[in-house]
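Colleague: I've just opened this one. Walk me through it, please.

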Amino acid sequence: LQKVAEAIGQFVQEPLDLIGRLGGGKFAVFLPGRTQAEAEAIGEQICQQVKALAIAHHNSYIDGLPESITISIGGCSPVIPAGEINLDIMLNEAETSLKQAQKWGGNRMIGSTGVPRK
């Protein structure tokens, strides 16, 4: 988890950017002031960086799983005034996108538009 957090942290550089652990193997990354395209590009870079770490996982013997860990990212890009942002709604939308990324095979970023990016 520490190596994954460090990989994510390489792309979370702006003063208001924030990364936090939600529990288990889930992280939340907030990129205020970024466009959806910028946030999705960062998500893609994070996916590539984590895969490049080539960290073996304990389930590599299961057919269909890659030999090393990868991550799936679900995004949310609300287009509403900052004072009206509801964190619960944002996390639920990101969780929905995350489940879609995992369903489509993992190691990918899916934004709130539902378009897979790999």
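Modeller: First, what goes into a patch: residues with over 30% relative accessible area and no salt bridge, like charges being joined within 9 Å and nonpolar side chains (Val, Leu, Ile, Met, Phe, Trp, Tyr) within 5 Å. Areas are Shrake-Rupley values with a 1.4 Å probe, and for residues only the protein chains shown count as cover. It's a predicted model, where local features need pLDDT of at least 70 and side-chain atom pairs pLDDT 80 or more, while totals for chains, interfaces and linings use all residues. Numbering runs from 1 along each chain as its sequence is written, and side-chain values use heavy atoms, without hydrogens or water.

Colleague: Which residues make the nonpolar surface patch, and what is its area?

Modeller: Leu 91 belongs to helix 3, residues 87-103 (helices are DSSP runs of H or I, at least four residues, and strands runs of E, at least two, numbered from the N terminus). Together with Leu 22 and Leu 87, Leu 91 makes a patch of about 250 Å².

Colleague: Which residue forms a salt bridge with Asp 17?

Modeller: Look for a Lys or Arg side-chain nitrogen within 4 Å of an Asp or Glu carboxyl oxygen. For Asp 17, the closest N and O atoms are 2.6 Å apart, and the partner is Arg 34. The two sit in distant parts of the chain, 17 residues apart: Asp 17 in the loop between helix 1 (2-9) and strand 1 (18-23), and, in the loop between strand 2 (26-30) and helix 2 (36-52), Arg 34.

Colleague: Is Asp 17 buried or exposed?

Modeller: Buried means under 20% relative accessible area, exposed over 50%, and partly exposed in between. Arg 34, at 22%, counts as partly exposed. Asp 17 has just 10%, so Asp 17 is buried.

Colleague: How many residues apart in sequence are Glu 95 and Lys 26?

Modeller: Their side chains meet in a salt bridge, at 2.8 Å from N to O. Glu 95 lies in helix 3 and Lys 26 in strand 2, so this pair ties together parts separated in sequence by 69 residues.

Colleague: And how accessible is Lys 26?

Modeller: Its partner Glu 95 is partly exposed, with 24% relative accessible area. Lys 26 is partly exposed too, at 35%.

Colleague: Within what arc do the buried residues of helix 1 fall?

Modeller: Those buried residues are Val 4, Ala 7 and Ile 8. They line one face of the helix, because seen down its axis they fall within an arc of 100° (taken from the directions from the axis to the C-beta atoms).

Colleague: Which residues are exposed on the other side of helix 1, then?

Modeller: The buried residues are covered by elements including strand 1, strand 2 and helix 2 (contact means heavy atoms within 4.5 Å). Exposed on the other side are Gln 2, Lys 3 and Glu 6.

Key. Buried means under 20% relative accessible area, exposed over 50%, partly exposed in between (1.4 Å probe, protein chains only).
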